[in-house]
Amino acid sequence: MFSASPDPPFAGIIASLFWTPHNAFLGAHYEVNQPLVIKDETLFRIGSHSIDNQLVLAPMAGVTDRPFRQLCRELGAGLVVSEMVTSDSSLWNSRKSQTRMIHRGEAEPRSVQIAGSDPEMMAAAAQMNVERGAQLIDINMGCPAKKVCKKAAGSALMKDEPLVNEILNAVVDAVDVPVTLKIRTGWDTNNRNGVTIARMAEDAGIAALAVHGRTRADAYKGSAEYDTIAQIVGSIDIPVMANGDIDSPLKAKQVLDHTGAAAIMIGRAAQGRPWIFREIDHYLRTGQQLPEPSLEEVQTILSTHLCELHQFYGDFMGTRIARKHVGWYLKTLPNSEAFRKDFNQINNTQDQHASVQRYFEQLITTEEQAA
Ligand SMILES: Cc1cc2nc3c(=O)[nH]c(=O)nc-3n(C[C@H](O)[C@H](O)[C@H](O)COP(=O)(O)O)c2cc1C
């Protein structure tokens with residue numbers, strides 16, 4: 001199922017000292033071949049895997065499919081995590097599960113998230129995913145989605161510490177690749193048991209922990225808090241990825257400084273803005289902010305993303321899945337609402353491309369006239 005070399009056009013993840021995310025994907029106006037200075041404190045390892053930088057794409061069901069993961073890697077994410085796969089392998093025949101398990105051509109290490117609540121099933125699912133090429137297994141205890149929580153999986157598990165312990169030990173014992181865990185800070189604001197679970201995870205042999213700075217009860221309300229993440233970092237020796245509401249290079253630096261985390265994990269801010277990783281990477285390395293990508297570059301990235309979606313899902317699903325991504329890319333651009341209305345009626349790949357091209361041509365012409 002896996003092949004050794006990435007498919008074009010997302011080819012060329014080169015983790016050499018001369019690699020910099022700014023020259024890896026389409027960003028021709030950035031300097032190439034600048035030596036990447038790696039400081040000791042920015043080295044981020046998960047078990048045997050050394051990660052290119054401190055930036056991780058969060059798993060997002062319905063978003064972080066293979067095309068999007070590849071794009072984020074090319075644009076500067078050091079690690080990307082797959083959409084969750086249910087641990088119930090009897091459901092793996094569905095089209096959704098099948099596409100979630102395609103990792104052909106993906107950059108390494110390939111991290112696959114599993115979700116469920118039965119320790120034996122989780123262990124078996126971990127093993128089967130490793131057989132299919134997963135090089136990291138991530139356990140989902142961070143997602144409050146109803147579909148997961150109805151079965152007391154995802155973040156709902158944090159309420160049942162003995163079961164958490166069983167799952168962690170079962171999965172770690174079942175595979176010989178590093179296992180990571182994704183949690184929230186606790187069950188609710190009165191039960192922030194993130195530190196307890198983090199210690200349990202370390203004892204069970206979990207290799208790294210991602211912590212979203214909200215409780216399960218918070219869902220996505222309010223703002224993420226980073227004090228509990230800092231407490232967790234101070235309580236364990238395994239690397240922690242701080243997650244929640246990180247949407248700019250400055251915020252990334254603040255969260256790293258405040259929590260002492262080994263890395264940060266970014267979810268929603270990467271939707272329609274996958275270049276956020278190179279922006280943050282550049283800022284962390286140099287203290288300088290990159291300029292926003294030009295309209296031409298956004299158009300190129302979006303058009304390439306469209307191609308990949310059409311190719312990966314086929315014309316029917318590809319055109320439908322493309323709609324939400326296109327909406328995210330254009331969210332902050334002029335006349336995007338009217339454009340989206342029309343775009344969402346289009347059912348074929350060529351017309352989608354033509355429509356995006358017309359939209360950007362108009363914007364670029366307007367920009368040139370105003371200059
Ligand atoms: C659309 C969507 C889908 C998500 N799916 C998952 C998932 O499958 N597994 C998981 O652990 N977290 C999932 N999450 C949670 C994210 O990984 C992340 O923890 C959360 O969005 C907070 O980070 P952010 O503020 O950077 O978005 C999802 C979030 C969103 C918005």
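## The loop that holds Pro109

Pro109 is found in the loop between α3, residues 95-100, and β6, residues 111-115. In this predicted model, the peptide bond that leads from Glu108 to Pro109 is cis, and its omega is near -5 degrees.

## The chain and its sheet

The chain contains 13 helices and eleven strands, and of its 371 residues, 45% count as buried. Among the contacts in the chain with a separation of 6 or more, 68% are accounted for by residues that stand 24 or more positions apart.

Nine strands form an open sheet with parallel pairing, and a reader who crosses the sheet meets them in the order β4-β3-β11-β10-β9-β8-β7-β6-β5. The edges are taken by β4 (79-80) and β5 (85-86), each of which has a single partner strand, so one side of each is left without a neighbour in the sheet.

## Strand β8 and its two neighbours

Strand β8 covers residues 179-186 and is mostly covered, since eight of its eight residues are buried. Strand β7, residues 136-141, runs parallel to β8 and is joined to it by five bridges; within this pairing, Ile137 has Val179 in β8 as its bridge partner.

Strand β9, residues 208-215, also runs parallel to β8, and six bridges join the two. Ile183 has Val211 in β9 as its bridge partner, while Lys182 stands opposite Ala210 in β9.

## Helix α7, between β8 and β9

Helix α7, residues 194-204, makes a right-handed β-α-β unit together with β8 and β9. Which residues of α7 are buried? They are Gly194, Ile197, Ala198 and Ala201. These residues lie on the same side of α7, because they cover an arc of only 105 degrees around the axis.

The buried residues of α7 are covered by elements that include α6 (161-174) and α8 (227-235), as well as the strands β8 and β9. After α7 comes Gly205, whose phi is positive, near 100 degrees.

## Helix α9 and its two sides

In α9, the residues Pro249, Ala252, Val255, Leu256 and Thr259 are buried. They are placed on the same side of α9, because the arc that they cover around the axis is only 130 degrees. On the other side of α9, by contrast, Leu250 and Asp257 are exposed.

What do the buried residues of α9 pack against? They pack against two helices, α8 and α10 (276-286), and against two strands, β10 and β11 (263-266). Gly260 follows α9, and its phi is positive, near 75 degrees.

## Positive phi in residues other than glycine

Asp245 is not a glycine, although its phi is positive, at about 65 degrees. Asp245 is found in the loop between β10, residues 240-243, and α9, residues 249-259. Is Asp245 buried, exposed or partly exposed? Asp245 counts as partly exposed, because it has 19 C-beta neighbours inside 10 Å, whereas a residue is called buried from 20 or more.

Asn335 is another residue other than glycine with a positive phi, in this case near 55 degrees. The loop in which Asn335 is found lies between α11 (295-330) and α12 (336-343). Asn335 counts as exposed, because it has 12 C-beta neighbours inside 10 Å, and the limit for an exposed residue is 12 or fewer.

## The surroundings of the ligand

Around the ligand there are 22 residues, and those that come nearest are Ala58, Met60, Ala61, Gly267 and Arg268. By kind, the residues of this shell divide into ten that are nonpolar, eight that are polar and four that are charged.

Conventions
Residues numbered from 1 in each chain as written. Predicted model: local features only at pLDDT ≥ 70, side-chain atom pairs only at ≥ 80, totals over all residues. Near = placed C-beta within 6 Å. Nonpolar A, V, L, I, M, F, W, Y, C, P; charged D, E, K, R; others polar. Helix = DSSP H or I, 4+ residues; strand = E, 2+ residues; numbered from the N terminus. Pairing = 2+ DSSP bridges. Right-handed = clockwise from strand over helix to strand, strands pointing away. Arc of directions from axis to C-beta. Contact = placed C-beta atoms within 7 Å.
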